[in-house]
Structure formats: structure tokens, C-alpha cells
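Me: Could you take a close look at one part of this structure for me? I'd like to hear about the charged pairs and whatever sits around them.

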Amino acid sequence: MIKAEWFYWLVGLSFLVMAAQMLTDRSNPKRYGTGAFWGLIGAGFVYSSWVVTKEAPAEPLGVAVLVMACLAGFGFTGRGTPRTTTPEERTASAARLGNKLFVPALTIPAVAMACAIGVKHLTIGGEPVLQEGSETILGLGIGAVAALVVGMVMLREKRIAVPVQAGRSMLEAMGWAMLLPQMLATLGAIFQVSGVGDQVGKLTTSVLPKDSLYLAIALYCVGMFAFTIIMGNAFAAFPVMTAAVGWPVLIGHFHGNPAAVLAVGMLAGFCGTLVTPMAANFNIVPAALLELKDQYGPIKAQLPTAGVLLGCNIVIMALFAF
């Protein structure tokens with residue numbers, strides 16, 4: 001059986017290798033902080049395996065997260081100059097391959113779909129080839145490895161150090177913002193456990209007119225939109241607003257279709273993702289990578305679309321969820 005844990009270890013090993021490269025890169029004036037930041041992430045991917053099986057305490061992971069937050073928050077991370085291909089070499093390869101450059105990228109979803117739909121049913125000696133319940137994650141991991149091989153063959157690159165250095169360059173360019181969605185999703189879970197959703201629910205039900213279905217729908221969708229703007233991630237806002245309004249009011253009281261209510265509610269939250277700088281990996285990092293004059297340009301361009309989509313989601317929920 002191919003286990004999902006193996007790919008978590010592979011991801012952790014990749015981070016550790018890149019962290020070692022960062023530590024030895026003298027072109028980065030903040031190489032020690034940068035290497036420590038990504039090294040802690042890599043070590044966390046490996047160490048967490050023993051935390052899940054209760055063979056190791058979880059506290060070191062919490063300490064690592066706090067240290068990472070300090071490293072990023074106090075500006076101890078930076079960018080170096082990776083030893084990879086030159087701009088001239090990349091331009092020549094792009095001119096030679098043209099649209100074939102999309103093949104490695106398309107390999108990932110193709111392999112992931114094949115694993116999730118076809119390979120998940122294969123067995124050897126009565127045992128499934130892929131770990132049950134993890135077929136999609138495994139497909140994504142296998143697809144990434146396959147895409148790496150396809151890309152190296154297409155580009156006639158025999159040195160594994162080149163794609164590793166290129167990956168490291170992307171890590172340094174995105175920085176801490178790459179981890180923001182995971183951190184904010186965890187924050188949403190913490191809010192839920194601490195009872196924030198229950199308190200918001202009590203507040204909303206106290207001011208919400210009884211048997212006002214459409215007002216409740218608007219409140220849930222706008223609440224998802226607003227909390228996503230504040231928290232930067234719809235996955236973080238989802239447990240709070242669903243515990244407050246979605247489940248007790250729309251599903252429990254008005255008997256809405258759970259799948260439709262929760263799916264459209266999540267889409268309403270995604271509208272908030274379009275207009276918040278807290279979603280740094282979507283809205284701030286691209287502006288930095290493209291060297292836009294206005295770092296909030298993507299948000300300003302997406303604001304009208306977000307408003308229209310939010311209205312559409314409210315109407316869709318009202319029409320199809322009840």
C-alpha cells in the first residue's frame with residue numbers, strides 16, 4: 001500500500017534540502033533566518049507523523065509555529081540568488097517548446113484524477129494500492145512527481161539540483177504568505193473550539209426576526225463574506241458562521257438542504273477572498289511577483305466581481321437550497 005504519510009515525508013525532505021541551500025547561500029543577507037524558517041516547516045512534516053500516532057508530544061510543533069511567526073514577523077527572512085538556469089536559457093527553452101510547456105502542469109491534475117477515479121479500485125493481494133481515504137492526496141503527490149519527471153525530460157535537464165533551486169526561489173519569493181491559508185484555517189478551528197461561533201450565533205438570533213428566511217440567508221452569506229475578509233480565508237470563516245447561522249438557523253430551523261446551504265455559503269466566503277489583503281498569497285504576492293505599481297491592484301480589480309458574485313450566491317441559495 002502506498003501511504004499518504006510517505007508523501008508528507010517527501011514534502012518535508014524537500015523543505016529540509018531547500019533550507020540547507022538557503023543556509024549556505026551567502027547572497028542572502030538573512031540566510032540563517034530564512035533557512036531556519038523553512039527548515040522548521042520541513043522538520044514539522046516529518047515530526048508530526050509521531051504526533052499523530054501519539055508517540056511524540058505535540059508541544060514542539062506549537063513552539064516551532066511560534067518561532068516561525070517570530071522569524072517572519074520580525075523580518076528575519078529574505079531572498080537569495082539560486083543557482084539555476086539563466087534568463088537566456090529559459091527564454092530559449094520557452095521559444096523551443098511553446099505551448100508544450102503546459103504539459104507538466106496538466107500532468108498533475110490528470111494523474112490525480114486517474115488515481116482518485118481508477119487506481120483507488122486496484123488491489124494487490126487483497127490490499128488496495130493506495131491508502132483508503134487518501135486517494136486524492138496521493139494522486140496529487142504522485143502527479144507532482146510525475147510532472148517533475150516529465151518537465152525534466154522535456155527540458156532535457158539531467159540535474160535534479162536545477163528544479164530544486166527553482167523551487168527554492170519560488171519559496172523565497174512567496175515567503176511566509178504561502179503558509180497563510182493553513183494558518184488561518186487552523187485559526188478558524190481554534191475559534192470554533194473556543195466558542196466564538198456559539199457567541200456569534202446567540203448575537204445573530206437575538207436580532208434576527210423569527211421566520212425571516214431570506215434575511216437569514218443574506219446574513220449567512222454576508223457573514224461568510226465579512227469573516228473571510230477579516231480572517232483571509234473562507235475555510236477559517238466557515239466553522240464560525242456555520243455554527244452561528246448556517247446549521248442552527250438555515251438547516252435546523254428552516255430545513256434547508258445541507259449540501260446546498262454549506263456549499264453556497266463557502267462560495268460566498270470565497271467572494272471575500274477576492275477583496276482582502278489578508279489573503280496575501282492570492283492578492284499581495286502576485287502583485288509583488290509581477291512588480292505591479294499598486295500592490296492593491298488585484299483587489300481593486302476584483303472588487304466589482306466579488307460584489308456581483310456575492311449577490312448571485314444569495315439568490316442561488318434562496319432558490320435552490322429550500
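What follows is a walk through the salt bridges and their surroundings.

Reply: Happy to. Keep in mind that this is a predicted model. Some background before zooming in: the protein chain has 322 residues, and 38% of them count as buried. It is built with 15 helices and two strands, and the C-alpha trace spans about 65 × 60 × 45 Å along its principal axes. If you take the contacts between residues at least 6 apart in sequence, 72% of them join residues at least 24 apart.

Now the charges. The protein chain carries 19 positive and 15 negative side chains, with the centres of the two sets 9 Å apart. How many salt bridges does the structure hold? There are four.

Let's start with Asp 25 and Arg 168. Their closest N and O atoms are 2.2 Å apart, and the two form a salt bridge. Asp 25 sits in the loop between H1 and H2, while Arg 168 belongs to helix H7 (residues 161-174), so this pair ties together parts that are 143 residues apart in sequence. Are these two side chains on the outside or the inside, buried or exposed? Asp 25 and Arg 168 are both buried.

Arg 168 has another partner as well. It forms a salt bridge with Glu 172, this time with 3.3 Å between the closest N and O atoms. Here the link is local: Arg 168 and Glu 172 are four residues apart in helix H7, so about one helical turn separates them. Glu 172 is buried, as is Arg 168.

For a contrasting case, go to Lys 300 and Asp 294, whose side chains meet in a salt bridge at 2.8 Å, N to O. Lys 300 counts as exposed because its relative accessible area is 56%, and the cut-off is over 50%. Asp 294 comes out as partly exposed, at 29% relative accessibility. Back at the buried site, salt bridges with shared partners join Asp 25, Arg 168 and Glu 172 into one network.

What else touches Arg 168? Gln 21 does, and its place is in helix H1 (residues 4-23). Setting aside neighbours within four places in sequence, Gln 21 is in contact with Val 164, Gln 165 and Arg 168. Gln 21 has a relative accessibility of 15%, so with buried meaning under 20% it counts as buried.

Helix H1 also takes part in ring packing, so a quick detour is worthwhile. A search of the whole structure turns up four aromatic pairs. In one of them, the ring centres of Phe 15 and Trp 38 are 5.8 Å apart and the planes are at 20 degrees, so the pair is stacked. Phe 15 is in helix H1 and Trp 38 in helix H2 (residues 31-52), which makes this a link between distant parts of the chain, 23 residues apart. Both of these residues, Phe 15 and Trp 38, are buried. Ring pairs extend the picture into a cluster of Phe 15, Phe 37, Trp 38 and Phe 45.

To pull it together: Arg 168 shares a network with Asp 25 and Glu 172, Gln 21 of helix H1 is in contact with Arg 168, and Phe 15 of helix H1 pairs with Trp 38 of helix H2.

How values were computed. Residues are numbered from 1 along each chain as its sequence is written. This is a predicted model: local features need pLDDT of at least 70, side-chain atom pairs count only at pLDDT 80 or more; totals for chains, interfaces and linings use all residues. Side-chain values use heavy atoms; hydrogens and water are left out. Buried means under 20% relative accessible area, exposed over 50%, partly exposed in between (1.4 Å probe, protein chains only). Contact means heavy atoms within 4.5 Å. Lys and Arg count as positive and Asp and Glu as negative; His and the chain ends are not counted. The place of a charge is taken as NZ of Lys, CZ of Arg, CG of Asp or CD of Glu. Rings of Phe, Tyr and Trp (its six-membered ring) pair if their centres lie within 6.5 Å; planes under 30 degrees apart count as stacked, over 60 as edge-to-face and the rest as tilted.
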